[in-house]
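New to this one? Have a look around first, and then we can go through the labels and where they come from.

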Amino acid sequence: MSPIVSIQTLHKSYDDGFEALKGVSLEIEEGEILALLGPNGAGKTTLISTVCGITTATSGTVTVGGHDIIKDFRAARSLIGLVPQEINLEPFEKVINTVRFSRGLYGKPRDDAAIEKVLRSLSLWDKKDARIHALSGGMKRRVLIAKALAHDPRVLFLDEPTAGVDVELRRDMWDVVADLKASGVTIILTTHYIEEAEAIADRVGVIAKGELLLVEKKTKLMKRMGQKQLEVQLAEKIDAVPASLRSDAVTLSEDGCTLIYTYDTKRERTGITKLLSQVADAGLVLRDLSTRQSSLEDIFVTLVREDAA
Ligand SMILES: Nc1ncnc2c1ncn2[C@@H]1O[C@H](COP(=O)(O)OP(=O)(O)O)[C@@H](O)[C@H]1O
Ligand SMILES: [Mg+2]
């Protein structure tokens, strides 16, 4: 299947010479949810603004639905919906008019049934005659999504849809995204919240300093790096890992009170039993044991650190 969005060696330098994208290539399959995860300033907004035709690339190509975003601007743009990072709505406008207007901007004829469907899908139908200023923050975000969906795009870009929103609203937004996916929309969202990528994405791309460091299926990513750590707290501080225990898998915490053993959860033998008997043989007394599963957060931190090195 050919990808719905194809990005090839995209470079973007701003007028001041700052290189915000350093040759990003990425393909997005129809129907998936891709999360672009990266710290502030990584280039996430620049990347999606370029794909959406709001900023122009310095070099590289992008196609959406097979249409080049420069040469075939209209066709490409009609397939795209964008929910920007900032809320920018007319405060005194009614919800339904705001959404209708957005559809008109794409040269699509008025279609009340289509607008109703969008508003209902976002639980905004009973608010259709409310004025924007009277809505809660969460409802305003939904209106932004409704606007972006008003012309029936096949690909929806959400730029930090939950930045600065409370936990409840964030979960609410995740449900909205899941429903949109179920309705067949391809979704690309940016986030600097790791748990957001972990919760809703099918694939995760990690971006830092204008470079895409990796893109992988979330499940595979977490499995590949899915290691666990056993922390063995000792009754007494030691200066070094005893010789009998020495291996790449065993390290000592900085305070000398905890042995940390990293193992692979997928292996038939984890080596835990052997380790614990070695600990006893070395004459060490245990105070406590705990295990920790590495999360996307660890993976992310490791990657960004490696990148900095
Ligand atoms: N118009 C601009 N002119 C110059 N530099 C910019 C401009 N917009 C963004 N940048 C810089 O490009 C980098 C990436 O910004 P952005 O794409 O907004 O990152 P993110 O969305 O990941 O936080 C940042 O260092 C930012 O300061
Ligand atoms: Mg941004």
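What follows is a run of questions and answers about the labels used for this structure.

Q: What should a newcomer know about the numbering and the kind of model?
A: Residues are numbered from 1 along each chain as its sequence is written, while chains are lettered from A and ligands numbered from 1 in the order in which they are written. This is a predicted model, where local features need pLDDT of at least 70, side-chain atom pairs count only at pLDDT 80 or more, and totals for chains, interfaces and linings use all residues, and side-chain values use heavy atoms, with hydrogens and water left out.

Q: What makes Thr-45 and Gln-85 the protein donors of the magnesium ion (ligand 2)?
A: A donor is an N, O or S atom within 2.8 Å of the metal (3.2 Å for Na, K and Ca), and since water is not among the atoms, sites may look incomplete. Here OG1 of Thr-45 and OE1 of Gln-85 lie 2.0 to 2.6 Å from the ion, so both pass the 2.8 Å limit. The pair links distant parts of the chain, 40 residues apart: Thr-45 sits in helix 1 (residues 44-51), and Gln-85 in the loop between strand 6 (80-83) and helix 3 (95-105). Helices (H or I, at least four residues) and strands (E, at least two) are DSSP runs, numbered from the N terminus.

Q: Why is Thr-45 called partly exposed?
A: Buried means under 20% relative accessible area, exposed means over 50%, and partly exposed is in between (1.4 Å probe, protein chains only). Thr-45 comes out at 32%, so partly exposed is the word for it. Gln-85 gets that label too, with its 30%.

Q: How do you know that helix 1 is largely enclosed by the rest of the structure?
A: Seven of its eight residues are buried, so the helix counts as largely enclosed. The buried ones are Lys-44, Thr-46, Leu-47, Ile-48, Ser-49, Thr-50 and Val-51. After helix 1 comes Gly-53, with a positive phi near 80°.

Q: What makes a residue part of the surroundings of ligand 1?
A: The rule is that one of its heavy atoms lies within 4 Å of the molecule. Residues around ligand 1 include Tyr-14, Asp-16, Phe-18, Lys-44, Thr-45 and Thr-46. Helix 1 gives the largest share of that shell, three residues. By class there are five nonpolar, five polar and two charged residues. Nonpolar here covers Ala, Val, Leu, Ile, Met, Phe, Trp, Tyr, Cys and Pro; charged covers Asp, Glu, Lys and Arg; the others, Gly among them, are polar.

Q: What makes the approach of Thr-45 to ligand 1 a polar contact?
A: A polar contact is a pair of N or O atoms within 3.5 Å; within protein, one must be able to donate a hydrogen and the other to accept it, and residues adjacent in sequence count only if both atoms are side-chain atoms. An N or O atom in the side chain of Thr-45 is 2.8 Å from an oxygen atom of ligand 1, so the pair falls within the 3.5 Å limit. Backbone atoms take part as well, at 2.7 Å for Gly-41 and 3.1 Å for Ala-42. The protein covers 63% of the 560 Å² of accessible area that ligand 1 has on its own.

Q: Why is Ser-253 called buried?
A: Its relative accessibility is 16%, so it counts as buried. Ser-253 is in the loop between strand 12 (250-252) and strand 13 (258-264), and its side chain makes a polar contact of 2.6 Å with that of Asp-255.

Q: What makes the phi of Asp-152 worth pointing out?
A: Most residues other than glycine have a negative phi. Asp-152 has a positive one, near 55°. Its place is the loop between helix 5 (137-149) and strand 7 (155-159), and at 41% it counts as partly exposed.

Q: Is Glu-160 buried or exposed, and how do you know?
A: Glu-160 is buried, because its relative accessible area is 4%. Glu-160 also has a positive phi of about 50° without being a glycine, and it lies in the loop between strand 7 and helix 6 (167-182).

Note on methods
Accessible areas come from the Shrake-Rupley method with a 1.4 Å probe; for residues, only the protein chains shown count as cover.
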